[in-house]
Amino acid sequence: MWTAPSDDLLVGRQAEIQVLEAAVEMLAGGEGGLLWIEGEPGVGKSTLVRQLIREAEARECPVRSTSADEFTGLFPLSVMLDCLGVEAWQLERLPSGDPARTSAVSLELGNRILNVSDRLHSAVEELCARSPLMLVVDDLQWVDSESISLWRRLVRITAQAPLLLVAVQRSGNTGGTAGLREDFRASDGRFLTIGPLAQTEVDIVVEHLVGHPPGASMRQALTQAGGNPLYVRELVTLLIWQDEIDTSGGIAELREAQTDSGLAALSSVITKRLDLLSPDVNAAVSLAAFLGGTFSRTDLTAVLRMETGEAEELLRRATAAGVLRLVGDTNVSFQHVLMRQILYGSVPEAVRYALHREIAEVLASLPATPATRVAEHLVAATAVDDSWTVDWISGEAPALLYKAPTVATELLQRALAALPPGDERWLPMSLSLVTVFFRTEQDTEASVWAKRVLDATDDPGTAAAMCWHMGWIAWRGKKLDEALGQAEDALRLPGVPAFWRSRLQGLRAVVLGDGLGDIGMCEEAATEAVATAEEAGDMFSLAYARSTLFYVHVCRRPRDYPASLASVDAALQALRDHDTRRELHDVHMILFDNRMFALQNLDRLEEADATLQQARAVAADVGETPMNRLAVPAAIQSFWTGRWDDARAELDAARADLLEVTNNGLRAHWPQLLMYGVAALISAHCDGLEDAQESVRAGDDVRIATSIDRDNCDFLVAAKALTAERAGSPDEALHIFAPMMNPEFGRSLLKYQWLPDIVRLAMDMSDARTADRAVEICNAEASESGTERARLAAVRCTGIRTGRPELLLTAVDYYRKVGRRVEQAWALEDTAAILARSGDASRLAEACLHEAVEIYHELDANWDIERAQQRLQPLGVRTVLPRLQPKPRSGVAALSPTERSIALCIARGRSNPQIAEELMLSGRTVEVHVSNIMKKIGAMSRRGLVDAIS
């Protein structure tokens with residue numbers, strides 16, 4: 001049979017090639033970029049991409065590429081794992097092998113997927129630090145959503161690193177990739193829409209295939225190809241095989257005129273050509289079509305059930321016929337995806353299902369086959385009606401639910417439906433199904449199956465496990481009474497093992513802590529849970545019970561921050577002793593957050609910074625996502641200490657994660673409230689009123705569902721009040737602050753942080769009653785809090801209300817000593833106003849104002865400067881603005897201290913992951929800082945940034 005020439009002939013496409021060459025030129029020069037290629041099937045997208053890859057490799061730019069298919073969308077991150085050559089998730093497996101315990105170790109399956117995504121993101125950055133890198137994904141329309149999300153993150157670093165992202169997709173298939181496409185466009189990506197070839201270019205293709213230019217009849221027959229290169233190639237190849245072309249006259253003419261119906265469509269042409277293959281090659285490629293777009297020679301040999309030499313001979317012949325192509329030394333792919341689709345679709349459904357089942361068993365017998373590869377065939381097989389399939393699903397389900405929860409759910413339900421009554425495999429598979437439903441937050445389904453297991457078992461441990469699952473589901477649905485009932489009913493069961501008794505008592509403590517109807521009862525439950533967890537060696541329950549005790553101590557009256565700190569420290573020590581930073585990284589971050597909160601209230605701010613660094617070191621061991629959970633406490637710390645650029649960067653970096661990540665399996669509302677609140681408050685103090693209003697609107701859309709949510713809404717309330725004040729409505733601002741005047745609102749809410757501002761607003765409006773009420777509440781808060789910070793907030797309130805500047809100066813000295821720059825500036829401004837109102841426009845008033853404005857200037861808090869002027873100029877205190885140099889908006893001088901440190905690291909050739917490790921920041925925070933540095937410096941690439949700062 002005639003051997004088809006290579007289909008990598010590039011005809012025409014000069015404009016497209018120029019774009020490709022320019023992209024590679026930029027990449028080799030150290031600049032990243034974005035390239036989007038789309039067009040109809042067969043138009044030559046993949047041929048252009050292969051040319052692009054050759055260009056990059058010729059310039060010594062490494063390339064990582066892959067092609068998606070209809071199976072890849074089933075498995076989270078499968079495309080990126082394949083593209084980067086990562087063959088295993090390496091996610092930890094439970095040593096106990098008890099399916100019921102799987103969900104009880106770490107509740108957030110989605111967080112683990114984010115962690116893997118973060119590791120892949122860091123891997124790309126590390127590769128870019130070594131050399132320019134090109135990533136290519138073909139047939140993007142089939143890519144899984146998690147890989148798309150990762151690419152959207154990678155888009156942002158193409159401006160910072162020598163990374164070229166190349167996305168290839170069929171025209172019109174933009175459903176799941178529309179957001180990525182918009183990101184490419186917003187980031188000035190290059191877009192190529194590949195159109196048909198011109199007639200003269202079609203002539204060149206024909207001559208390449210036949211050895212002679214086409215004559216009139218040949219041209220006429222090829223008009224129906226519409227300039228599609230694949231169509232032209234397949235049609236000409238079919239005519240050659242059928243001996244329909246006459247070249248005796250030095251041109252290629254048809255022996256007989258072809259009818260339109262005979263050459264109707266590309267798919268029919270491909271079908272006819274494939275039918276002309278020898279029976280053994282046709283059978284081989286038909287079976288190969290079941291292995292996906294790209295597959296290994298080993299897999300092909302196994303499913304053909306042949307000796308290696310025999311399979312290689314068939315492969316050689318299929319390659320010579322232009323149906324298959326070799327990819328590297330070990331892999332094979334179809335010349336075009338349409339060939340595979342036509343071969344696959346030509347197999348009757350019943351046969352197709354049987355072949356998928358047979359292939360699954362063959363692949364499972366190979367030692368290196370991942371479970372996901374077998375699972376994709378079992379999903380396609382549809383029926384689960386044989387013992388081998390059920391056994392495989394039963395054995396692999398605990399691992400598969402981590403890697404492909406959707407597939408695991410589908411296979412488990414099919415297998416369970418096929419089991420006869422009383423089958424011993426029903427229970428372990430049902431437990432796995434409860435786990436996967438529970439961890440993917442399909443709570444209705446998880447509860448239904450947990451109830452079925454509970455009704456079917458007489459084992460106390462299994463019954464307790466199902467009650468724990470149903471109780472936790474009720475809790476995260478905020479059905480506190482139901483959750484408490486599940487825990488307490490299960491604890492009354494006879495023979496509950498120590499492990500599950502610990503879990504149930506821990507759940508009871510968490511539920512009581514959330515409701516906090518009776519602090520004494522909550523403390524008793526948490527203390528009992530701690531003792532049981534210690535006896536059982538259950539670090540999960542111990543950590544959550546001690547976290548509940550922490551909350552008890554900060555909510556009771558009087559508050560006991562030293563005791564709360566001691567409880568957290570005991571939990572962290574226990575986790576260190578058991579080395580559980582990987583297994584229980586979620587609760588680690590919660591405890592570190594708790595510790596920072598206690599230290600901040602005790603004004604041990606340097607220790608709070610050190611705790612943040614410790615937490616980031618632990619988080620770095622398990623991936624970026626838990627580190628990004630520290631963004632909110634880090635941003636609050638930076639807010640009060642006057643590092644507002646750092647606070648913004650932390651919040652910008654973590655914004656996406658805080659909308660996705662769960663805490664305790666509960667969609668986290670309170671971090672979002674704080675995130676939007678801190679961001680809005682900083683913007684409102686600066687010149688970003690529109691940004692502040694946007695963040696306020698976003699915060700208002702977050703549902704306050706729990707007492708913890710209420711305890712963390714204060715920054716959002718303060719931001720809303722400030723936007724009202726800036727709009728000239730101080731009365732509305734006071735109305736917004738009304739929750740802070742309610743002693744019953746919020747158990748751990750630090751209302752005293754905002755009460756001096758309320759007194760200031762009330763005094764400016766001559767509202768003595770509101771001012772007196774705020775002073776009274778702040779004094780009570782200070783008495784109940786027992787901290788110096790709360791006491792000095794009350795002192796400030798009294799000083800503002802009574803006009804006693806010496807009280808405020810006492811607070812100023814304290815804030816200066818502990819490093820609370822923002823409160824220091826506010827107290828200084830109020831001191832200057834009181835001195836001026838008393839008729840004393842002295843040097844002391846000017847000095848106070850000058851120091852306050854200097855701090856505002858450092859913070860870029862232009863609204864505060866304007867407010868200070870409006871308050872004090874009419875009282876005769878001179879403005880100090882002329883003495884201040886305008887704050888640089890661009891260049892090296894505009895960089896914050898953290899940005900300068902990062903810029904120096906970049907100058908030393910450090911990658912973003914290396915900088916994150918060195919400075920103990922999250923990788924995403926470094927990414928945001930680098931972007932801000934490049935904007936201030938005016939650099940277009942990392943290399944340009946190095947040139948600018950060196």
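## Exercises on strands, sheets and helix pairs

Helix H14 (residues 308-320) lies across S9 and S10, and runs at about 110° to S9. Helices (H or I, at least four residues) and strands (E, at least two) are DSSP runs, numbered from the N terminus. Axes are lines fitted to C-alpha atoms, for helices over the stretch in contact, and angles run from 0 to 180 degrees between N-to-C directions.

Before you start, note that this is a predicted model: local features need pLDDT of at least 70, side-chain atom pairs count only at pLDDT 80 or more, and totals for chains, interfaces and linings use all residues. Residues are numbered from 1 along each chain as its sequence is written, and side-chain values use heavy atoms, with hydrogens and water left out.

**Exercise 1.** Find which stretches have a pLDDT below 50.

*Solution.* Begin with the chain: pLDDT, the predictor's confidence in each residue from 0 to 100, averages 87 over the protein chain, and 92% of the residues score at least 70. Next, residues 88-109 have a pLDDT below 50, with 68 contacts in the model beyond near neighbours in sequence; contact means heavy atoms within 4.5 Å. Finally, residues 259-263 are also below 50, and this stretch has six such contacts.

**Exercise 2.** Work out the strand order of the open sheet that contains S8, S9 and S10.

*Solution.* Two strands pair if DSSP finds at least two bridges between them.
- Step 1: strand S8 (residues 294-296) and strand S10 (residues 331-334) run antiparallel, joined by three bridges. Here Thr294 stands opposite Ser333 in S10.
- Step 2: four bridges connect strand S9 (residues 324-327) to S10, again antiparallel, and Leu326 stands opposite Val332 in S10.
- Step 3: the order is S8-S10-S9. S8 and S9 are the edge strands, each pairing on one side only. Neighbouring strands are turned by 30° against each other on average, direction ignored.
- Step 4: look at the hairpin of S9 and S10, with three residues between the strands; Gly328 takes a positive phi near 70° there.

**Exercise 3.** Determine which strands stand at the edges of the five-strand sheet.

*Solution.* The open sheet has the order S2-S3-S4-S1-S5 with parallel pairing. Strand S2 (63-67) and strand S5 (190-193) each have a single partner strand, so one side of each is left without a neighbour in the sheet. From one strand to the next, the twist averages 10°. Inside the sheet, five bridges join strand S3 (residues 133-138) to strand S4 (residues 163-170), and Met134 stands opposite Leu164 in S4. Helix H1 (residues 14-28) lies across strand S1 (33-39), S3, S4 and S5, at about 155° to S5.

**Exercise 4.** Classify the helix pairs H26 with H27 and H45 with H47.

*Solution.* Angles under 35 degrees count as roughly parallel, over 145 as roughly antiparallel, 65 to 115 as roughly perpendicular and the rest as oblique.
- First pair: the axes of H26 (residues 539-555) and H27 (residues 561-577) come within 8 Å and cross at roughly 170°. H26 and H27 are therefore roughly antiparallel. Their contact holds 13 nonpolar, three polar and one charged residue; Ala, Val, Leu, Ile, Met, Phe, Trp, Tyr, Cys and Pro count as nonpolar, Asp, Glu, Lys and Arg as charged, and the others, Gly among them, as polar.
- Second pair: H45 (residues 897-907) and H47 (residues 923-937) pack at about 90°, with axes 10 Å apart. H45 and H47 are therefore roughly perpendicular. This contact has five nonpolar, three polar and two charged residues.
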